[in-house]
Amino acid sequence: MSHAAYPALRLRRTRATAWSRAMFAENRLHPSDLIWPLFVTDGEEEQPIATMPGVSRWPVDRIADRAREAADAGIPCVALFPNTPPELRSDDGAEALNPDNLMCRAIGEIKDALGADIGILTDVALDPYTSHGQDGLVGDSGYVRNDDTVSVLVEQALNQARAGADIIAPSDMMDGRVGAIREALEDDAHTTVQIMAYAAKYASAFYGPFRDAVGSGGLLKGDKKTYQMDPANGDEALREVALDIAEGADSVMVKPGLAYLDIVRRVKERFEVPVFAYQVSGEYAMIEAAAAAGAGDRDALVLETLLAFKRAGASGVLTYHALHAARLMVD
Ligand code: PBG
């Protein structure tokens, strides 16, 4: 294709006015692009999270109000994360299988109040329930045991599905868990419950504030590098995604977000499946810190970063800014 050259071609022409910029925008943000992660506590008061200014843990009996705010703002789905009371955390994370745990009660509250007005995504991994903060069962050598962990994750996923979860999101990075969970969901008649696989999840320094929020940070010794991916790797992410799709994932996720937009783009181009990105807690904290320091305009930073995910090919974004961003989008 041959293009005109300057001065016949002036790319600034279409940028000259707001109406024209709107007309030529290649990507657009909409509240339905967003999934809002929410933290739940057994306590009776809202608990602000120091490392995530503006984000709190919510008591179970107030979680439905948050979901209602999200639905009213046009957000289609919330993601739930429990801060399990310390006395209920154990070596094997058995509380994850309790049908009356914080997660299941929160699901029930939202379903009772909102029904099908909003989707509920639940995280499958043992870290909010273990006394050591790892996502699975730890063997004598300290290595997280894959296949034994998968068996527990299957039970955790069933527990959530029975409580009413709409999307099961395994974030544990064990091999083979998506297929095992899919099979168990089919056998247990949860044929319409989706799986969004945290397919390319990296061992990242950006998860710190999240670990404060669910209370696993102080417990975790060492790191998660024997199961989460090496930030050096891109090709390996495509192999992870290929496996999860083959095992029955309805959608896949890349996490963290901004530092991994190349992975979002490669996955989208290679597989043509719905790809979601998780703009994680440390990314949220960076934007808030920049805004608080006067280094950038908060609303503009939020919208620009979210738009970047769309441009990279993401179908949607999990972000702690979801409610604020959704309200900005409709204003
Ligand atoms: C649990 C899980 C983590 C996040 C989502 N699910 C933390 C981790 O793997 O240590 C991080 C989300 C965030 O930082 O916002 N497996």
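**Exercises on surface patches and cysteines**

On the surface, a patch of negative charge brings together E44, E45, E46, D61, D65, E109 and D112. The elements contributing two or more residues to this negative patch are α2 (60-72) and α3 (102-114). The model is a predicted one, in which local features need pLDDT of at least 70 and side-chain atom pairs count only at pLDDT 80 or more, while totals for chains, interfaces and linings use all residues. Residues are numbered from 1 along each chain as its sequence is written, and side-chain values use heavy atoms, with hydrogens and water left out.

**Exercise 1.** Place D65 in its element and state its exposure.

*Solution.* Begin with the element: D65 belongs to helix α2, helices being DSSP runs of H or I with at least four residues. Next, take the relative accessible area of D65, which is 44% and makes the residue partly exposed; this class lies between buried (under 20%) and exposed (over 50%), with a 1.4 Å probe and protein chains only.

**Exercise 2.** Determine which residues make the nonpolar surface patch, and locate F24.

*Solution.* W19, M23 and F24 form a nonpolar patch of about 410 Å². F24 sits in helix α1 (residues 18-24), and its relative accessibility of 47% counts as partly exposed.

**Exercise 3.** Explain why a search of the whole structure finds zero disulfides, considering C77 and C104.

*Solution.* A disulfide is taken as a pair of cysteine sulfur atoms within 2.5 Å. For C77, the closest cysteine sulfur is that of C104, 16 Å away and therefore too far for a bond. C77 is buried at 6% relative accessible area, and C104 is likewise buried at 6%.

Terms used. Patches are made of residues with over 30% relative accessible area and no salt bridge: like charges are joined within 9 Å, nonpolar side chains (Val, Leu, Ile, Met, Phe, Trp, Tyr) within 5 Å. Accessible areas come from the Shrake-Rupley method with a 1.4 Å probe; for residues, only the protein chains shown count as cover. A salt bridge is a side-chain nitrogen of Lys or Arg within 4 Å of a carboxyl oxygen of Asp or Glu. Lys and Arg count as positive and Asp and Glu as negative; His and the chain ends are not counted. The place of a charge is taken as NZ of Lys, CZ of Arg, CG of Asp or CD of Glu.
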